[in-house]
Amino acid sequence: MKQSFLSKLACPFDKEDLSIRIFKQDNQEILEGILTCNHCNRYYPIVQGIPIMSPDEYRELSLEIPILEKWGVKVLAEKDRPVFKLVAGNDNQERLPYNASEEQDKFL
Ligand SMILES: [Zn+2]
């Protein structure tokens with residue numbers, strides 16, 4: 001991913017701005033890194049130059065954990081992890097445990 005492309009990216013969930021941490025780069029090309037939403041605190045890894053920005057339901061956390069660990073990035077413990085969000089981030093933000101069944105009830 002070209003570094004200049006960064007300014008065109010937004011969080012697919014809430015369209016807010018993203019922060020980046022770069023772990024591997026070749027000139028202007030970002031090969032490995034992590035994008036973090038400044039608003040919802042979701043993260044999107046960049047693997048082999050490709051930003052993984054699929055919706056939560058199309059992502060597989062177990063596949064991402066080894067990559068994040070290699071980079072030294074911590075995710076929330078499984079029991080109180082709102083999907084695809086990091087431990088580090090906006091401290092003012094409330095971290096309610098994600099409850100899928102409760103969310104579904106709202107639409108019934
Ligand atoms: Zn977001």
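This is a short tutorial dialogue on reading a predicted model.

User: Where do I start? Which elements does the protein have, and how do they run from the N terminus on?

Analyst: Welcome! Keep in mind that the model is predicted. A good first step is to list the helices and strands in sequence order. Here there are two helices and four strands, and from the N terminus on they run β-β-β-β-α-α.

User: How do I read the sheet? In what order do the strands stand?

Analyst: Look at which strand pairs with which, and in what sense. In this protein the four strands form an open sheet in the order β1-β2-β3-β4, with antiparallel pairing. Its edge strands are β1 and β4 (50-51), each of which pairs on one side only.

User: How many bridges join β1 and β2, and how many join β2 to β3?

Analyst: Bridges let you follow a pairing residue by residue. β1 and β2 pair in the antiparallel sense over eight bridges, while four bridges join β2 to β3, also antiparallel. Try tracing a row across the sheet: Ile22 stands opposite Gly33 in β2, and the bridge partner of Gly33 in β3 is Ile46. Right beside that, Ile34 has Pro45 as its bridge partner in β3.

User: What should I know about side chains along a strand?

Analyst: In a regular strand the side chains alternate between the two faces of the sheet. Keep that in mind as you look along the strands on screen.

User: Now the turns. How many residues lie between β1 and β2 in their hairpin?

Analyst: For a hairpin, count the residues between the strands and then check the backbone angles there. The hairpin of β1 and β2 has two residues between its strands. Asn27 lies in this loop, between β1 (18-26) and β2, and has a positive phi of about 55 degrees although it is not a glycine.

User: Which residue takes a positive phi in the hairpin of β2 and β3?

Analyst: That is Asn41, with a phi near 70 degrees, in a hairpin with five residues between the strands. Asn41 is not a glycine either.

User: Are these two asparagines buried or exposed?

Analyst: Count the C-beta atoms around each one. Asn27 has 7 others within 10 Å, so Asn27 is exposed. Asn41 has 19 C-beta neighbours inside 10 Å and therefore counts as partly exposed, because the buried class begins at 20.

User: What share of the protein counts as buried?

Analyst: Of the 108 residues, 14% count as buried. The next step is to see how nonpolar buried residues group together. The largest nonpolar core has 11 residues, among them Met1, Cys11, Leu18, Ile30, Tyr44 and Phe84. The elements that give two or more residues to this core are β2 (29-37) and β3 (43-47), and β2 gives the most, with four.

User: What does one core residue, Ile30, touch?

Analyst: Leaving out residues up to four places away in sequence, Ile30 touches Met1, Gln3, Ile22, Gln25, Ile46 and Gly49. Of these, Met1 and Ile46 also belong to the largest nonpolar core.

User: And where does helix α1 lie?

Analyst: To place a helix, ask which strands lie under it and at what angle. Helix α1 (residues 61-71) lies across β1, β2 and β3, running at about 80 degrees to β3.

User: What share of the contacts joins residues at least 24 apart?

Analyst: This tells you how the chain meets itself. Among contacts between residues at least 6 apart in sequence, 38% join residues at least 24 apart.

How values were computed: Residues are numbered from 1 along each chain as its sequence is written. A nonpolar core is a set of buried Ala, Val, Leu, Ile, Met, Phe, Trp, Tyr and Cys residues joined through C-beta atoms within 7 Å. A residue is buried if 20 or more other C-beta atoms lie within 10 Å of its own, exposed if 12 or fewer, and partly exposed in between; C-beta atoms are placed from the backbone. Two residues are in contact if their C-beta atoms, placed from the backbone, lie within 7 Å. Two strands pair if DSSP finds at least two bridges between them. Axes are lines fitted to C-alpha atoms, for helices over the stretch in contact, and angles run from 0 to 180 degrees between N-to-C directions.
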